[in-house]
Amino acid sequence: MPPLLPLLLVLRSRTAHSYSLSVSSLVTLLLRRRSMATVASTDPVCPTNTRIGWIGTGVMGRSMCAHLLNAGYTVTVFNRTLSKAQPLLDIGAHLADSPHSLASQSDVVFSIVGYPSDVRHVLLHPSSGALSGLRPGGIIVDMTTSEPSLASELSAAASSKNCSAIDAPVSGGDRGAKTGTLAIFAGGDESVVQKLNPLFALMGKVNYMGGSGKGQFAKLANQITIASTMVGLVEGMVYAHKAGLNVELFLNAISTGAGGSKSLDLYGSRILKRDFEPGFYVNHFVKDLGICLKECQNMGLALPGVALAQQLYLSLKAHGEGNLGTQALILALERLNNVRLDNAVASKPSA
């Protein structure tokens with residue numbers, strides 16, 4: 001039997017050697033993971049080395065995601081209603097059963113869902129959310145119109161995992177989504193936004209607005225502008241109708257003057273045709289204007305035009321018209337004035 005002291009020294013030596021190997025292996029592993037994350041975050045975005053995840057395949061998301069697929073990117077999609085994702089699956093998208101699963105096989109994850117609560121659930125849920133599945137160096141791009149404070153929260157949560165988050169809501173409606181001509185309002189790290197330019201360019205024009213949350217603030221300001229423009233458009237149409245004008249000729253006449261607007265271009269003819277299919281849902285616009293008014297209260301701002309527009313849109317929701325498009329605002333004005341623009345196109349002025 002060996003003496004006790006030499007035996008203790010041998011055991012101590014072996015334990016120290018084993019501990020040293022364990023620490024060395026751990027450090028090597030951590031450095032390797034950091035290196036992988038750095039490589040992933042510096043690689044240029046292109047179809048050969050960038051895997052895309054897309055959460056939300058509704059009216060807007062479906063068309064936006066299709067542009068990425070058509071450009072050759074590998075795209076995995078998630079949507080609560082499978083039928084809404086089917087058109088993308090038909091052109092080559094892969095299907096994930098959760099945002100977590102989607103993110104685990106993606107380098108950049110886009111989301112465009114309905115409400116801030118949806119954003120929180122699909123991105124920040126501790127077990128099923130996308131951020132929980134995203135590897136270091138990954139990027140989340142939330143294109144939902146949401147709360148600026150939530151965008152900042154998402155950015156901080158992503159940073160804690162060595163990931164990035166960009167808030168990038170869009171404007172341009174379903175037509176802009178289909179034609180790839182959306183206005184994109186981006187907030188967050190400018191270098192990350194620039195890195196994502198090849199993807200944004202497929203959907204429209206990206207406008208860098210500042211740090212985290214600034215994209216959301218810009219989109220809310222956009223909604224404030226649109227709200228009053230839509231009220232003016234439908235009021236002008238009701239007035240022209242009541243005055244005996246041919247409303248179609250009236251809209252054509254003002255379209256090239258100071259009364260012209262993007263809202264007129266997008267929605268004027270749809271209103272005349274009683275086409276209220278959603279390019280953007282009334283329900284979602286009510287949500288957006290509610291966020292606007294909440295932010296106004298936080299800032300001490302009085303913007304009565306926004307408050308009026310929200311009340312008119314809320315009246316549509318009260319009549320069960322929340323799933324119509326925002327051009328359905330004409331219905332609220334028709335009810336207020338007991339008129340209907342059914343024959344707005346039919347009559348032509350006499351010579």
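The following paragraphs lead through this structure, from its overall make-up to its helices, strands, cores and one cavity.

The model is a predicted one, and its secondary structure comes to 16 helices and nine strands. Of the 351 residues of the protein, 45% count as buried. When contacts between residues at least 6 apart in sequence are considered, 67% of them join residues that are at least 24 apart.

A helix is a convenient place to begin. Helix α2 runs over residues 59-70, and since each of its twelve residues should account for 1.5 Å, a span of 16 Å is expected, with which the 18 Å between its end C-alpha atoms agrees. This helix is mostly covered, for nine of its twelve residues are buried. The buried residues of α2 are M60, G61, S63, M64, C65, A66, H67, L68 and L69. After the helix comes G72, whose phi is positive, near 100 degrees.

The strands can be followed next, with β8 as the guide. Strand β8, residues 182-187, has five buried residues out of six, and it is therefore largely enclosed by the rest of the structure. Strand β7 (residues 170-171) pairs with β8 in the antiparallel sense, over two bridges, and here S171 has A183 of β8 as its bridge partner. With strand β9 (residues 204-210), on the other hand, β8 pairs in the parallel sense over six bridges. A183 takes part in this pairing too, with K205 in β9 as its bridge partner. A reader who finds A183 in the picture can thus trace one bridge to S171 and another to K205.

From the strands we turn to the nonpolar cores. In soluble globular proteins, nonpolar side chains tend to be buried together. The largest nonpolar core here has 36 residues, of which M237, Y313, L329 and I330 touch the most other members. At least two residues of this core are supplied by each of the helices α11 (214-242), α12 (247-254), α13, α14 (282-299), α15 (304-318) and α16 (329-337), and α11 gives the most, with nine residues. The contacts of M237 can be listed in full once its neighbours within four places in sequence are left aside: V247, F250, L251, G268, I271, L272 and L341. Apart from this core lies another, of 34 residues, and among its members are V45, A66, A186 and L199. One of these, A66, was already named as a buried residue of α2.

Helix α13, which covers residues 262-272, deserves a closer look through two of its residues. Y267 lies in this helix, and with a relative accessible area of 7% it is buried, because the cut-off for a buried residue is under 20%. Although Y267 and G325 are 58 residues apart along the chain, their C-alpha atoms are separated by 9.5 Å. Not counting residues up to four places away in sequence, Y267 touches M230, T326 and Q327. R270 is also found in α13, and at 11% relative accessibility this residue counts as buried. Is there a wider set of partners to be found around R270, and which residues does R270 contact beyond its neighbours within four places in sequence? They are D174, R175, D275, E277, G279 and Q327.

The last stop is the empty space inside the protein. Rolling a probe the size of a water molecule over the atoms shows where empty space is left. A search of the whole structure finds one cavity of 30 Å³ or more, and the volume of the largest cavity is about 30 Å³. Its lining is made up of D142, A151, L154, A165, I166 and D167. The elements that give two or more residues to this lining are α7 (148-159) and β6 (164-167), and the largest share, three residues, comes from β6.

Helix α7 also holds E153, which counts as partly exposed at 35% relative accessibility. Leaving out residues up to four places away in sequence, E153 touches R120 and L124. The C-alpha atoms of E153 and G213 are separated by 9.1 Å, while the two residues are 60 apart along the chain.

Terms used. Residues are numbered from 1 along each chain as its sequence is written. This is a predicted model: local features need pLDDT of at least 70, side-chain atom pairs count only at pLDDT 80 or more; totals for chains, interfaces and linings use all residues. Side-chain values use heavy atoms; hydrogens and water are left out. Helices (H or I, at least four residues) and strands (E, at least two) are DSSP runs, numbered from the N terminus. The expected span of a helix is 1.5 Å times one less than its number of residues. Buried means under 20% relative accessible area, exposed over 50%, partly exposed in between (1.4 Å probe, protein chains only). Contact means heavy atoms within 4.5 Å. A nonpolar core is a set of buried Ala, Val, Leu, Ile, Met, Phe, Trp, Tyr and Cys residues joined through side-chain atoms within 4.5 Å. Two strands pair if DSSP finds at least two bridges between them. On a 1 Å grid over the protein atoms alone, a cavity is a set of points where a 1.4 Å probe fits but cannot get out, and a pocket is an open set with protein on both sides within 12 Å along at least five of seven lines; lining residues have an atom within 4 Å of a point. Grid points are joined across faces, edges and corners, and a volume is the space filled by probe spheres set on the points.
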